[in-house]
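Dear colleague,

I am passing on the structure we spoke about, and it is shown just below. My notes on what was found in it follow, and I would be glad if you read them with the coordinates open.

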Amino acid sequence: MTDSDDSSHAGRPAPRSLTELFVTFTLLALQGFGGVLAVAHRSLVEQKRWLTREEFVELLSLSQLLPGANIVNMSLIVGDRSFGWRGALAALSGMMLVPLVVMLSLVAVYNHFSDHSAVAGALRGMAAVAAGLTLGMGLKLAASLRGNPLGWVLAAALGVATFVLIAVVRAPLMWVVPGLGLIGWALARWRLARREGA
């Protein structure tokens, strides 16, 4: 892979090469047991500082609306921002290549030992950790809503409505995300128009 000095965000840390992009997303994916988003936030926002917390939330929202896995969509966007299609390909390869080999190996092992009680117990324990990681990341990202044009009351109301529709009502995700997303977009636009007109 070749290096590039292209940086779309002057003054802010950015990937220095396609190799760094590939390695970063490979390591990120390999740490993502039970979900990669919490690890992605720590790596891209807190360690690498390629994204601010607000940018991470914006890209996550956009990635959630696009077809496919949200973290895969995010890797494409982050890679594209620094190196165009080559960056998108490097980040995507990092997300998929090595983890795919590891995953296929683990599936083969799991098929052989899935009847063992120790294996089943370990998977139940990992599920609890995954739920904790997701909850922790949600609380971290909630702080970025402080400057949101919706205000914390409306933002919290939309968050609660999403949780109720998904977890309680069990409404299909493909309707909830664009539906509430459209309502959030309309409310934010209305709030911004009011602020500019004041």
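In this predicted model, the largest nonpolar core has 29 residues, and within this core Phe25 and Phe56 touch the most other members. At least two residues of the core come from each of helix 1 (18–30), helix 2 (37–47), helix 3 (53–65), helix 4 (70–113) and helix 5 (117–142), and the most is given by helix 4, which supplies nine residues. If residues up to four places away in sequence are not counted, Phe56 touches Leu37, Ala40, His41, Val45, Leu51, Met74 and Leu141. Another core, of five residues, lies apart from the one just described, and Leu150, Leu158, Val176 and Leu180 are among its members.

The packing of helix 3 on helix 4 may interest you next. The axes of helix 3 and helix 4 come within 8 Å and cross at roughly 120 degrees, which makes helix 3 oblique to helix 4, and the crossing of these two helices is right-handed. On the side of helix 3 the contact is made by Glu55, Phe56, Leu59, Leu60, Leu62, Ser63 and Gln64, while on the side of helix 4 it is made by Asn70, Asn73, Met74, Ile77, Val78 and Arg81.

One of the residues in that contact, Glu55, is found in helix 3 and has a relative accessible area of 14%, so it counts as buried, the cut-off for that class being under 20%. The side chain of Glu55 makes a polar contact with the side chain of Arg81, at 3.4 Å, and the Glu55 side chain also reaches the backbone nitrogen of Thr52, at 2.9 Å.

A second buried polar residue is Ser75, which is found in helix 4 and counts as buried because its relative accessibility is 0%. Leaving aside neighbours within four places in sequence, Ser75 is in contact with Phe25, Ala91, Leu92 and Met95, and of these Phe25 was named above as one of the two residues that touch the most other members of the largest nonpolar core. The C-alpha atoms of Ser75 and Ala88 are separated by 6.8 Å, although these residues are 13 residues apart along the chain.

Two backbone conformations deserve a look when you go through the loops. Arg49, which is not a glycine, has a positive phi of about 60 degrees; Arg49 is found in the loop between helix 2 and helix 3 and is exposed, with a relative accessible area of 54%. Arg170 likewise has a positive phi of about 60 degrees without being a glycine; its place is in the loop between helix 6 (151–168) and helix 7 (173–197), and Arg170 is exposed, with a relative accessible area of 67%.

As for the protein as a whole, it has seven helices and zero strands, and its C-alpha atoms fill a box of roughly 65 × 50 × 25 Å, taken along the principal axes. Of its 198 residues, 30% count as buried. Among the contacts with a separation of 6 or more, 57% are accounted for by residues 24 or more positions apart.

With best wishes

Definitions and conventions: Residues numbered from 1 in each chain as written. Predicted model: local features only at pLDDT ≥ 70, side-chain atom pairs only at ≥ 80, totals over all residues. Heavy atoms only, no water. Core = buried A, V, L, I, M, F, W, Y, C linked by side-chain atoms within 4.5 Å. Buried < 20%, exposed > 50% of the residue type's maximum accessible area, 1.4 Å probe, protein only. Helix = DSSP H or I, 4+ residues; strand = E, 2+ residues; numbered from the N terminus. Contact = heavy atoms within 4.5 Å. Polar contact = N/O pair within 3.5 Å; in protein donor to acceptor, adjacent residues only side chain to side chain. Axes fitted to C-alpha atoms, helices over the stretch in contact; angles between N-to-C directions. Parallel < 35°, antiparallel > 145°, perpendicular 65-115°, else oblique. Left-handed = near helix turned anticlockwise from the far one by under 90°.
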